[in-house]
Amino acid sequence: MFGVFVFLAVFGWLFVGVFLFSAADFDTDIDVDADVDLDASNTAVHLLGALFSFRSLVFFSAFFGLTGVLLTWLDTNVIVTVALAIGLGFFAAFINVKLMDYLKRTSVSSQLTDTTIAGNTGSVVVPIEPGHKGKVSIDVNGQRIYLVASPYNDRHEERFEIGDNVVVVEVKDGSALVTRMDEF
């Protein structure tokens with residue numbers, strides 16, 4: 001049994017080291033579709049599936065093996081050693097699942113789509129003149145962003161001065177097309 005503990009400890013801690021000291025991620029998601037759509041985000045099915053992810057199995061192996069090696073060296077009863085190793089392995093896998101769920105829930109995406117930006121109001125920070133792009137400041141989801149901007153309607157020969165309030169009508173080729181608040 002000692003050989004199994006050593007093998008799983010080495011295997012598990014090797015991958016734990018990879019997880020900790022690199023950006024490697026070997027986890028995958030499986031989408032289950034049938035006649036019934038199963039939303040398993042907060043259920044036992046989600047927990048069970050997450051406990052059998054590669055990352056959770058690695059944490060189980062690392063802590064199962066380490067516990068088994070240490071308790072064997074301390075000459076603990078084999079049944080007690082296996083029971084404690086299994087318990088600590090499952091505990092480590094469970095903590096891994098809960099930590100990953102927490103990180104997924106609290107992560108903030110820096111990806112803003114053009115449709116998220118369109119319709120927001122802002123103010124001009126670099127003047128916009130006919131034939132010359134300027135810059136606008138917009139608050140999107142509590143985040144201040146600055147975009148290169150052009151007039152939405154080029155035919156009016158509109159000028160936008162610093163501090164003018166504008167609305168982003170659309171984003172085209174990375175540039176915000178804006179109009180005055182009263183025209184929208």
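In the predicted model, A149 of strand β3 has A176 as its bridge partner in β5, and the two strands, which run parallel, are joined by 3 bridges. Strands are DSSP runs of E with at least two residues, helices are runs of H or I with at least four, and both are numbered from the N terminus; two strands are taken to pair if DSSP finds at least two bridges between them. Residues are numbered from 1 along each chain as its sequence is written. Because the model is predicted, local features need pLDDT of at least 70 and side-chain atom pairs count only at pLDDT 80 or more, whereas totals for chains, interfaces and linings use all residues, and side-chain values use heavy atoms, with hydrogens and water left out.

The pairing of β3 with β5 belongs to a barrel closed by 5 strands in the order β1-β2-β3-β5-β4, with mixed pairing. From one strand to the next the twist averages 55 degrees, where axes are lines fitted to C-alpha atoms and angles run from 0 to 180 degrees between N-to-C directions. Strands β2 and β3 run antiparallel and are joined by 7 bridges, with I138 facing I145 of β3 as its bridge partner. The same two strands form a hairpin with 2 residues between them, and N141 in the turn has a positive phi of about 55 degrees. Strand β1 (residues 121–126) also pairs in the antiparallel sense with β4 (residues 165–172), over 3 bridges, and there V167 of β4 is the bridge partner of T121.

The largest nonpolar core, a set of buried Ala, Val, Leu, Ile, Met, Phe, Trp, Tyr and Cys residues joined through side-chain atoms within 4.5 Å, has 15 residues, and those with the most contacts inside it are I117, I128, V136, I138, L147, V168 and V178. At least two residues of this core come from each of β2 (134–140), β3 (143–151), β4 and β5 (175–180). Another core, of 7 residues, lies apart from it and includes F5, F60, F64 and A85. Buried here denotes under 20% relative accessible area, exposed over 50% and partly exposed in between, with a 1.4 Å probe and protein chains only. Leaving aside neighbours within four places in sequence, V168 is in contact (heavy atoms within 4.5 Å) with I117, A118, G119, N120, I138, A176, L177 and V178.

Outside the barrel strands, D75 is found in the loop between α3 (54–73) and α4 (78–106). The phi of D75 is near 60 degrees, a positive value in a residue other than glycine, and D75 is exposed, with a relative accessible area of 69%.
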